[in-house]
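Hi,

Here is the structure I promised to pass on. Have a look at it first, and then read my notes below.

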Amino acid sequence: MGYRFSPDDVAYLRSGPGCSALGEVERLALTAGSLVGDLERARRDHGERAAALVETVRLRRRAAAKLERPGEWLLTDDALQQATPSVVARHRAQRLAGRAVHDVTCSIGAELVALQQVCPAVIGSDLDDVRLAMAAHNLSGPGNVLLARADALAPCTSGTVVVADPARRADGRRTHDPAKLQPPLPDLLDVYRGRDLVVKCAPGLDFDSIAPRGTWDGEVELVSLDGAVREACLWSAGLAEPGVTRRATVLGSDGSSWSLTDAEPDDIPDRAPGEWIIDPDGAVVRAGLVRHYAAKHALWQLDPRIAYLTGDSVPDGVRGFRVIDRLDFREKPLRAELHRRDCGPLEILTRGVDLDPDALRARLKPRGTHPYTLVITRIGRAPTVFLCETPSPR
C-alpha cells in the first residue's frame, strides 16, 4: 500500500515551496539500491514532508508509462493503478465531443483532462477529498470543468452524459464480479437507467452475464493500446452506433487507431492452412470479432473454435508467422526436427492446448543459432504444431 496523502499534503505539493521541493527530490535516484540513503537525505532536507515528496516523485516516474505530462501530476498509488491511459482517455473523449459530460468517479482527473479539450461543459465528482484536490491541480487549459464532492449513486446532474469508472478492487484484491465493484455495476446501471451512460470496466468482466438480466442493451467496446488489452467500455444505446453491440478498438501510442464492429461481415471460407498464421489483437479476440477481422482481411480460421487466423498475406502493421512446416505434436520427433534445423531462440505460442511454453522449451532443448516460432494449437481434436519463421519485431 502506498503513502496515504492528506489534504494538507496536497496543499503543500501544489504550493511554491512544495513545487521547489519536488524539483529537489526529483534529482534523487530513488532506486532499490539507493532508496534508504535517499529517504534519509529527503528527511534531513524536508522533514515531515519527505514521505509525500518521495512518493509523488516515484509515482510520477511510474506514470510516464501511462499519462502524458507525468512530471506535472499529483497522484495516489491506487489512483494511478486505475487511471485511464491518456491515449485511451482521448479516444473516449472524441466519441463524446460536443456533449456536456459528468464523470461521477473522477478520481485524480485522468478522464477530465481529455474531456475538457473537446466538451463544452464537464463536471467531475468523487467522494475522496484528496483525489478531488489532486484533480484540481492536474486540470489545465479551458476553465470548463467544475469539481464537486458527490456520491456516484446519487445523481446530481441532468442532461449530461454520465461517465463512470468503478473501482475494481474488493477486500484488497482485484475483482471481476460486477456486484463487488465500487460502486457496484448493477447499482450504477440501475441508478442511471434511461440516461446516456459510459462505464469503464475491466476487460475480464463477463459481459454476457449482464445482458440476460435486461440491464444492458448498448455496446461493449474492448480497447487495446500497443498490443495490450487495457479495458472494456460499456456504451448505452443512445451513444452506440446503430446495429453495433460489440466493438474492438486498437490504439497505438504513435497515434494509430482502428476499430471493428459486429455490424461488419463475418463470412469466411473453410480452407486448409495458408502460408501465414496471424494472432489477432487481443481486443478483437475479447470482443468476439475474430471472424469479422478475418473477413475484413481475406483470412480464415485454422479451426472454428480457435482464434488463430491464417491466409496468404498479412494485414499491414500486424505480426505474421510464415509457416515452414506442419507437424503432429510429438515431442521426440519435434525435438529432432528442431535440432536438424539448428534451432536456437524459440518462441512458443499456444491456443486450445494445455501446455506450459517455458516447460516445453526446456524439454525441447534448442541449442542452435537460428530463431524459430512454434504455433501449437488444436485443429479438430488433434494438437498440431506449425513451425514458423520468427518475424522481426514491429
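**What I found in it**

The protein has 13 helices and 18 strands. Keep in mind as you read that this is a predicted model. Along its principal axes, the C-alpha trace spans about 70 × 55 × 35 Å. Of the 394 residues, 47% are buried. If you look at contacts with a separation of 6 or more, 64% of them involve residues 24 or more positions apart. As for the surface, the protein exposes about 18,900 Å², and carbon and sulfur atoms supply 49% of that.

**Charges and salt bridges**

On the charge side, there are 52 positive and 55 negative side chains, and the centres of these two sets lie 4 Å apart. Side chains of opposite charge can pair when their charged atoms come close. Counting such pairs here gives 30 salt bridges.

A good one to begin with joins Glu111 and Arg92, whose side chains meet at 2.7 Å, N to O. This pair links distant parts of the chain: Glu111 belongs to helix H7 (residues 110–118) and Arg92 to helix H6 (residues 86–95), with their positions 19 residues apart in the count. Both partners are buried, Glu111 as well as Arg92. For Arg92 the relative accessible area is 3%, and it counts as buried because that is under 20%.

Arg92 deserves a second look. What does Arg92 contact once its neighbours within four places in sequence are left aside? The list is Thr84, Glu111, Val198, Lys200, Glu231, Cys233 and Trp235. Arg92 is also part of a network of salt bridges, together with Glu111, Asp165, Arg168, Lys200 and Glu231. So if you want one spot to zoom in on, try Arg92 in helix H6.

Next comes Arg99 with Asp196, a salt bridge at 2.9 Å, N to O. This pair also links distant parts of the chain, being 97 residues apart. Arg99 sits in the loop between H6 and strand S1 (101–103), while Asp196 is in the loop between helix H9 (185–191) and strand S7 (197–201). Arg99 has 32% relative accessibility, so it counts as partly exposed.

The third pair I noted is Glu241 with Arg247, where the closest N and O atoms are 3.1 Å apart. Is each partner buried or partly exposed? Glu241 has a relative accessible area of 42%, so it is partly exposed. Arg247 is at 10% relative accessibility and therefore counts as buried.

**A positive patch**

Turn the model until you find Lys332, Arg335, Lys365 and Arg367, which form a positive surface patch. One of them, Arg335, is in helix H12 (residues 331–340). With a relative accessible area of 30%, Arg335 is partly exposed.

**Backbone details**

Which peptide bond is cis, with omega near 0°? It is the bond from Gln182 to Pro183. Pro183 is found in the loop between strand S6 (173–174) and H9.

Two residues have a positive phi although they are not glycine, Arg69 and Asp226. For Arg69 the angle is about 55°. Arg69 lies in the loop between helix H4 (50–63) and helix H5 (77–82), and with a relative accessible area of 32% it is partly exposed. The phi of Asp226 is near 55°. Asp226 is placed in the loop between strand S8 (219–225) and strand S9 (228–235). At 51% relative accessibility, Asp226 counts as exposed because the cut-off for that class is over 50%.

**One more residue**

Last, a few words on Arg62, which lies in helix H4. Arg62 has a relative accessible area of 44%, so it is partly exposed. Not counting residues up to four places away in sequence, Arg62 touches Asp77, Leu80 and Gln81. Gln182, the residue before the cis bond, is 120 residues from Arg62 in sequence and 24 Å from it in space, C-alpha to C-alpha.

Cheers

Notes. Residues are numbered from 1 along each chain as its sequence is written. This is a predicted model: local features need pLDDT of at least 70, side-chain atom pairs count only at pLDDT 80 or more; totals for chains, interfaces and linings use all residues. Side-chain values use heavy atoms; hydrogens and water are left out. Patches are made of residues with over 30% relative accessible area and no salt bridge: like charges are joined within 9 Å, nonpolar side chains (Val, Leu, Ile, Met, Phe, Trp, Tyr) within 5 Å. Accessible areas come from the Shrake-Rupley method with a 1.4 Å probe; for residues, only the protein chains shown count as cover. A salt bridge is a side-chain nitrogen of Lys or Arg within 4 Å of a carboxyl oxygen of Asp or Glu. Lys and Arg count as positive and Asp and Glu as negative; His and the chain ends are not counted. The place of a charge is taken as NZ of Lys, CZ of Arg, CG of Asp or CD of Glu. Helices (H or I, at least four residues) and strands (E, at least two) are DSSP runs, numbered from the N terminus. Buried means under 20% relative accessible area, exposed over 50%, partly exposed in between (1.4 Å probe, protein chains only). Contact means heavy atoms within 4.5 Å.
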